[in-house]
Amino acid sequence: MMPNYQPITCHYCFEMFEIDIEVESKFSGHNVEIFDCEICCNPNKVDTEVMEGVIISLEVSDGNE
C-alpha cells in the first residue's frame, strides 16, 4: 500500500489537516474510516469511493453518528 495523503476540512472546527488513506492498488469499492481532527480532536467520518486504487470521491461528516 502506498501512502495517500488527502487534505480534509474538519466537520467541527473547519480547520484543514491531512489524513493518510491507505488503499490497495487494485481495490474498487466503498470505504468508511474515522479520523480525529488534529486541531480540535473531534471525530470526522471520512467516506470514500475508490476505483482501482484511485479515490474518486471523498466526503467528510459527523463521526459521532
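Q: What makes S4 and S5 a pair of strands in this model?
A: In this predicted model, eight bridges join strand S4, residues 43-51, to S5. Two strands count as paired if there are at least two bridges between them, so S4 and S5, with eight bridges, are a pair. The two run antiparallel.

Q: Which residues stand opposite each other in S4 and S5?
A: Thr 48 stands opposite Leu 58 in S5. Asn 44 has Asp 62 as its bridge partner in S5.

Q: What lies between S4 and S5 in their hairpin?
A: Two residues lie between the strands, and Glu 52 in the turn has a positive phi of about 50°.

Q: How do you know that S3 and S4 pair?
A: Eight bridges link S3 and S4 in the antiparallel sense. The cut-off is at least two bridges, so S3 and S4 are paired. Asn 31 stands opposite Thr 48 in S4, and Val 32 stands opposite Asp 47 in S4. Thr 48 therefore has Asn 31 opposite it and also faces Leu 58 in S5. In the hairpin of S3 and S4, six residues lie between the strands, and Cys 41 takes a positive phi near 70°.

Q: Why are S3 and S5 called edge strands?
A: Strand S3 (29-36) and strand S5 (54-62) each pair on one side only. The open sheet has the order S3-S4-S5, with antiparallel pairing. From one strand to the next, the twist averages 25°.

Q: How do you know that S1 and S2 pair?
A: Strand S1 (residues 5-9) and strand S2 (residues 16-20) are joined by five bridges in the antiparallel sense. Pairing needs at least two bridges, so S1 and S2 qualify. Tyr 5 stands opposite Asp 20 in S2. The two strands form a hairpin with six residues between them, where Phe 14 in the turn has a positive phi of about 65°.

Q: Why does the structure hold zero disulfides, given where the sulfurs of Cys 10 and Cys 13 lie?
A: A disulfide is a covalent bond between the sulfur atoms of two cysteines. The cut-off is a pair of sulfur atoms within 2.5 Å. The closest cysteine sulfur to that of Cys 10 is in Cys 37, at 3.7 Å, so the two are too far apart for a bond. For Cys 13 the closest cysteine sulfur is also in Cys 37, at 3.8 Å, too far for a bond. The count for the structure is zero disulfides.

Q: Is Cys 10 buried or exposed, and what of Cys 13?
A: Cys 10 has 1% relative accessibility. Buried means under 20%, so Cys 10 counts as buried. Cys 13 has a relative accessible area of 25%. That value falls between the cut-offs of 20% and 50%, so Cys 13 is partly exposed.

Q: Why is Ile 56 called exposed?
A: Ile 56, in strand S5, has a relative accessible area of 54%. Exposed means over 50%, so Ile 56 is exposed. Ile 56 also belongs to a nonpolar patch on the surface with Met 51 and Val 54. Together the three have about 300 Å² of accessible area.

Q: Why is Ile 34 called partly exposed?
A: Ile 34, in strand S3, has 46% relative accessibility. Partly exposed lies between 20% and 50%, so Ile 34 counts as partly exposed.

Q: How many residues along the chain separate Ile 34 and Asp 62?
A: They are 28 residues apart along the chain, while their C-alpha atoms are separated by 9.3 Å.

Terms used. Residues numbered from 1 in each chain as written. Predicted model: local features only at pLDDT ≥ 70, side-chain atom pairs only at ≥ 80, totals over all residues. Heavy atoms only, no water. Helix = DSSP H or I, 4+ residues; strand = E, 2+ residues; numbered from the N terminus. Axes fitted to C-alpha atoms, helices over the stretch in contact; angles between N-to-C directions. Buried < 20%, exposed > 50% of the residue type's maximum accessible area, 1.4 Å probe, protein only. Patch = residues over 30% accessible without salt bridge, like charges linked within 9 Å, V, L, I, M, F, W, Y side chains within 5 Å. Areas by Shrake-Rupley, 256 points an atom, 1.4 Å probe, with all protein chains shown as cover. Salt bridge = Lys/Arg side-chain N within 4 Å of Asp/Glu carboxyl O.
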